[in-house]
Amino acid sequence: MSYPSNKENSNNVVSGSSYSVPNKQPQRVLQQQNTNISNQQTNGAVKPTITKPTTTTSTSTSTSTSTSTSTTSVPSSSSSSSSTAASSSSSSQSVPKKKWCIDDFDIGKLLGMGRFGHVYLAREKKSQFIVALKVLFKNQLQTHNIEHQLRREIEIQSHLRHPNILRLFGYFYDDKRVFLIIEFAKGGECFKELQKVGSFNEATAATYTLQIADALRYCHSKHVIHRDIKPENLLIGVGGEIKIADFGWSVHAPNSKRSTFCGTLEYLPPEVIEKKGYDQTADVWSLGILIFEFLVGRSPFTSDEEKNIFHNIQENDVYYPSSISLEAKDLISRLLVSDPNQRITLKEVINHPWIKKHAHPKSLEPTKLGLPLPSQMTY
Ligand SMILES: Nc1ncnc2c1ncn2[C@@H]1O[C@H](COP(=O)(O)OP(=O)(O)OP(=O)(O)O)[C@@H](O)[C@H]1O
């Protein structure tokens with residue numbers, strides 16, 4: 001798929017604004033907005049295109065107004081996630097295009113609200129395919145200067161194919177809103193599950209860890225660094241499997257190390273705090289923080305004061321509660337290594353004894369998992 005590039009700003013989804021990286025505040029509590037899609041449906045005047053075939057396709061965008069075309073697919077069956085990593089894109093030249101708009105979807109209940117828009121359950125009318133439709137308001141994207149971030153999120157996420165990465169099927173937009181057609185994650189937010197139960201048992205934590213490690217390995221093989229791995233950015237799929245979402249901070253990693261980072265404070269690796277530049281191993285560090293938070297219910301370097309969080313991360317002084325098993329502690333301590341080069345690899349994570357002992361044997365076959373949500377388990 002293509003999305004208007006920075007150079008095409010006269011015809012941008014959100015035109016006339018700059019594309020600097022926004023100042024995203026690390027926060028657990030989302031601000032709510034007050035809008036209802038049902039009384040704001042477009043009248044079909046805007047007709048973006050999404051190709052029908054099941055593979056994602058790419059084409060260049062040519063627009064003369066605030067409208068745009070995009071070529072991505074909504075699967076025609078109810079199986080929304082591919083179990084294999086597919087090629088990133090293919091030519092769409094010979095593929096017939098269908099023009100899409102909000103009228104092509106039956107809009108269902110509100111699934112949730114983010115800072116910049118609302119997410120609704122939706123059904124594509126012809127195929128009856130269930131999706132999540134994320135509605136973002138252009139003026140808010142503009143106000144918060146995050147058009148660039150959205151564009152990057154779309155470009156990166158729409159090309160990723162992994163059972164533990166939330167699919168982004170496509171997008172379209174009208175004068176006021178941008179609509180993202182996303183895989184529906186029936187289990188909802190991992191963070192909410194964690195809040196409900198306080199901490200996960202080892203089976204759940206190890207299963208999720210294995211899935212995330214495998215998905216990150218896939219991302220890194222495509223030179224994509226997620227940069228914001230945390231429970232808030234993980235959803236849970238229909239089989240109880242993890243779905244990594246929110247690629248708003250992800251980047252295509254260049255060969256050399258990058259020096260900017262905008263992830264969440266408590267998950268920042270020391271090399272980022274010290275502005276030494278970072279690479280894919282930043283996600284490996286974050287995975288260590290995540291496992292700790294899964295098992296303990298809070299991150300290891302937490303503090304009310306920002307400067308203390310930085311200090312704790314740099315000191316790398318982790319206090320492991322006695323509830324953490326020796327094997328889990330071993331894995332976390334191999335991930336939370338200050339020197340990025342000394343961190344365990346994702347392959348080693350996948351083969352670590354703690355994972356082998358506790359992860360569900362079919363962790364990497366999500367559609368067969370049928371795991372209950374953590375809050376439905378007896379602890
Ligand atoms: N694909 C999905 N399937 C099911 N529920 C979803 C899906 N995407 C989002 N949601 C729900 O909608 C809520 C809002 O999602 P959204 O992506 O707008 O914001 P967010 O990622 O939670 O926060 P932020 O605004 O910081 O990005 C989520 O917290 C989740 O509960």
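How many of the 8 residues of strand 7 (residues 130-137) are buried? In this predicted model, the count comes to 6, so strand 7 is mostly covered.

It helps to start with the overall picture. The protein has 379 residues, and buried ones account for 54% of them. Its secondary structure adds up to 10 helices and 14 strands. Looking at contacts between residues at least 6 apart in sequence, 70% link residues at least 24 apart. About 16,500 Å² of the protein is exposed, with carbon and sulfur atoms supplying 48% of that area.

Back to strand 7, which pairs with strand 6 and with strand 9. Strand 6 (residues 117-124) runs antiparallel to strand 7, and 7 bridges join the two. One of the pairings here puts Leu-121 together with Ala-132, its bridge partner in strand 7. Strands 6 and 7 make a hairpin, with 5 residues sitting between them. In that turn, Gln-128 has a positive phi of about 65°. As for strand 9 (residues 177-183), 7 bridges join it to strand 7, and this pair is antiparallel too. Here Lys-134 stands opposite Leu-180 of strand 9. As a general point, side chains in a regular strand alternate between the two faces of the sheet.

Next comes the annotated site. The unreviewed UniProt entry places an "active site" feature at Asp-228. Where does Asp-228 sit in the chain? The residue lies in the loop between strand 11 (224-225) and strand 12 (234-236). Is Asp-228 buried or exposed? Its relative accessible area is just 2%, and because buried means under 20%, Asp-228 counts as buried.

Lys-356 gives another kind of example. This lysine is found in helix 10, which covers residues 353-358. Its relative accessibility is 56%, and since the cut-off for exposed is over 50%, Lys-356 falls in the exposed class. Leaving aside residues up to four places away in sequence, Lys-356 touches Ile-350 and Asn-351. Asp-106 is 250 residues away from Lys-356 along the chain, and the C-alpha atoms of the two are separated by 43 Å.

Put side by side, the two residues read quite simply: Asp-228, in its loop, is buried, whereas Lys-356, in helix 10, is exposed. Strand 7, for its part, is mostly covered and is joined by 7 bridges to strand 6 and by 7 bridges to strand 9.

Technical notes. Residues are numbered from 1 along each chain as its sequence is written. This is a predicted model: local features need pLDDT of at least 70, side-chain atom pairs count only at pLDDT 80 or more; totals for chains, interfaces and linings use all residues. Side-chain values use heavy atoms; hydrogens and water are left out. UniProt positions are given in the numbering used here, feature names are shortened, and annotations may be inferred rather than shown by experiment. Helices (H or I, at least four residues) and strands (E, at least two) are DSSP runs, numbered from the N terminus. Buried means under 20% relative accessible area, exposed over 50%, partly exposed in between (1.4 Å probe, protein chains only). Two strands pair if DSSP finds at least two bridges between them. Contact means heavy atoms within 4.5 Å. Accessible areas come from the Shrake-Rupley method with a 1.4 Å probe; for residues, only the protein chains shown count as cover.
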